[in-house]
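Here are some notes for a first reading, set out as numbered points. Please keep the structure open beside them and look up each residue as it is named.

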Protein chains: 2
Amino acid sequence: MRIGEAADAVGMTTKTIRFYEDRGLLPPAERSANGYRDYSHDTLSRLEFIRRSQIAGLTLAQIQGILRIRDDGITPCTHVRDVLGKQLMDLDRKIAELTALRVTVAEQYATAEGADPQRCDAEQICSYI
Amino acid sequence: MRIGEAADAVGMTTKTIRFYEDRGLLPPAERSANGYRDYSHDTLSRLEFIRRSQIAGLTLAQIQGILRIRDDGITPCTHVRDVLGKQLMDLDRKIAELTALRVTVAEQYATAEGADPQRCDAEQICSYI
DNA sequence: ATTGACCTTCCACCGCAGGGGAAGGTCAAG
DNA sequence: CTTGACCTTCCCCTGCGGTGGAAGGTCAAT
């Protein structure tokens with residue numbers, strides 16, 4: 001199947017598929033006699049794996065790491081578990097950071113809500129921030 | 001004061017200060033006879049305002065919007081309140097997204113933790129994701 | 001007179017995940 | 001035999017917030 005059909009099948013653009021090949025997430029594509037990329041069903045499941053991984057918030061570099069292990073003929077289970085564990089820690093850290101930031105901004109917003117614009121000091125641009 | 005002293009005073013690099021001038025967050029700097037930028041205390045408080053705003057997670061574009069209003073001689077209080085309100089909503093949305101993602105990843109991690117690598121199917125690359 | 005620490009402008013680059021569009025080749029249908 | 005829909009490679013652009021470095025000017029101290 002040609003690249004456009006593959007793209008339609010997995011809901012990506014042809015640009016994205018070529019980009020993944022360029023980045024090494026896909027092996028160099030087979031070519032038809034006319035030079036067009038020719039994809040098999042294997043590529044589709046690989047693309048779908050990439051999409052599922054992205055939904056889990058993994059970066060292309062992390063996904064590539066998993067694919068490389070699979071391509072070496074090794075089951076990537078252990079590595080995947082580690083990557084997911086790291087992703088959990090990253091998410092916890094980000095959520096904690098944003099939650100702390102939310103507290104700060106909520107205080108500033110509360111101040112700005114019930115404040116007197118007269119007291120706004122040009123010297124420091126804005127007294128709420 | 002020269003740009004290096006200003007940078008030291010507020011804990012930024014000279015590169016960053018020139019970048020802010022280029023982006024319009026600072027007015028074109030006064031120049032000494034030798035062409036060096038010459039900063040007054042006003043610029044320092046402006047730079048400190050930028051820093052405080054960044055700590056609140058505002059983008060340079062949002063900060064610029066506030067500064068522009070102040071530069072027009074208007075107290076930016078109302079605008080600041082709106083920006084902070086939008087920032088609160090953005091934070092809530094991001095926290096909700098990350099929390100939902102965390103649930104998904106935690107499930108995948110739990111599966112990967114107690115799973116049998118024998119059942120790992122090469123067809124779909126990895127059965128946990 | 002020269003060294004070293006500043007300063008100036010300008011252009012390019014980082015990560016991240018692609019998108020835009022030009023210039024040209026290929027193929028089936030009308 | 002031309003039109004239109006594909007495909008190819010190529011390089012540049014996006015947003016975000018800067019950072020790096022080259023080539024050159026300035027100034028105080030030695």
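Is B:Q64 buried or exposed? The first point takes up this question, and the later ones turn to the core, the domains and the two DNA strands.

1. The model is a predicted one, and in it B:Q64 is buried, because its relative accessible area is 19%, which falls under the cut-off of 20%. B:Q64 has its place in helix α4 of chain B, which covers residues 60-71. The side chain of B:Q64 reaches the backbone oxygen of B:R23 at a distance of 3.0 Å. When residues up to four places away in sequence are not counted, B:Q64 touches B:R23, B:G24 and B:L25.

2. A word on the core may help next. In soluble globular proteins, nonpolar side chains tend to be buried together. Here the largest nonpolar core has 72 residues, and A:I17 and B:I17 are those with the most contacts inside it. Leaving aside neighbours within four places in sequence, B:I17 is in contact with B:I3, B:A6, B:A7, B:M12, B:L26, B:Y39 and B:L47, so a student could use B:I17 as a starting place for looking around this part of chain B.3. For chain A, the domain assignment gives domain 1 as residues 1-74 and domain 2 as residues 76-129. The C-alpha centres of domain 1 of chain A and domain 2 of chain A lie 36 Å apart. Between these domains of chain A there is contact, with 9 residues of domain 1 touching 6 residues of domain 2.

4. Which residues come nearest to DNA strand C? There are 19 residues around DNA strand C, and A:K15, A:Y20, A:Y36, A:Q54 and B:G4 come nearest. Of the atoms of DNA strand C that come within 4 Å of the protein, sugar and phosphate account for 66%.

5. Some polar contacts with DNA strand C can be followed atom by atom. An N or O atom in the side chain of A:Q54 is 2.6 Å from a phosphate oxygen of DNA strand C, and an N or O atom in the side chain of B:R18 is 2.7 Å from a phosphate oxygen of that strand. For B:Y36 the partner is a base oxygen of DNA strand C, which lies 3.4 Å from a polar side-chain atom of B:Y36.

6. The surface near DNA strand C draws at least two residues each from α2 (14-22) of chain A and from α1 (3-10) and α2 (14-23) of chain B. The largest share, 4 residues, comes from α2(A). By residue type, this surface near DNA strand C divides into 6 nonpolar, 7 polar and 6 charged residues.

7. DNA strand D also has 19 residues around it, and those that come nearest are A:G4, B:K15, B:T16, B:Y36 and B:Q54. Sugar and phosphate make up 65% of the atoms of DNA strand D that come within 4 Å of the protein.

8. Which part of A:G4 lies 2.6 Å from a phosphate oxygen of DNA strand D? For A:G4 it is a polar backbone atom, whereas for B:N34 a polar side-chain atom lies 3.4 Å from a phosphate oxygen of DNA strand D. An N or O atom in the side chain of A:Y36 is 3.5 Å from a base oxygen of DNA strand D. The elements giving two or more residues to the surface near DNA strand D are α1 (3-10) and α2 of chain A, together with α2 of chain B. With 4 residues, α2(B) gives the most to this surface, and the residues of the surface near DNA strand D divide into 6 nonpolar, 7 polar and 6 charged.

How values were computed:
Residues numbered from 1 in each chain as written. Chains lettered and ligands numbered in written order. Predicted model: local features only at pLDDT ≥ 70, side-chain atom pairs only at ≥ 80, totals over all residues. Heavy atoms only, no water. Near = heavy atom within 4 Å. Polar contact = N/O pair within 3.5 Å; in protein donor to acceptor, adjacent residues only side chain to side chain. Nonpolar A, V, L, I, M, F, W, Y, C, P; charged D, E, K, R; others polar. Core = buried A, V, L, I, M, F, W, Y, C linked by side-chain atoms within 4.5 Å. Buried < 20%, exposed > 50% of the residue type's maximum accessible area, 1.4 Å probe, protein only. Contact = heavy atoms within 4.5 Å. Domains from an automatic or database assignment.
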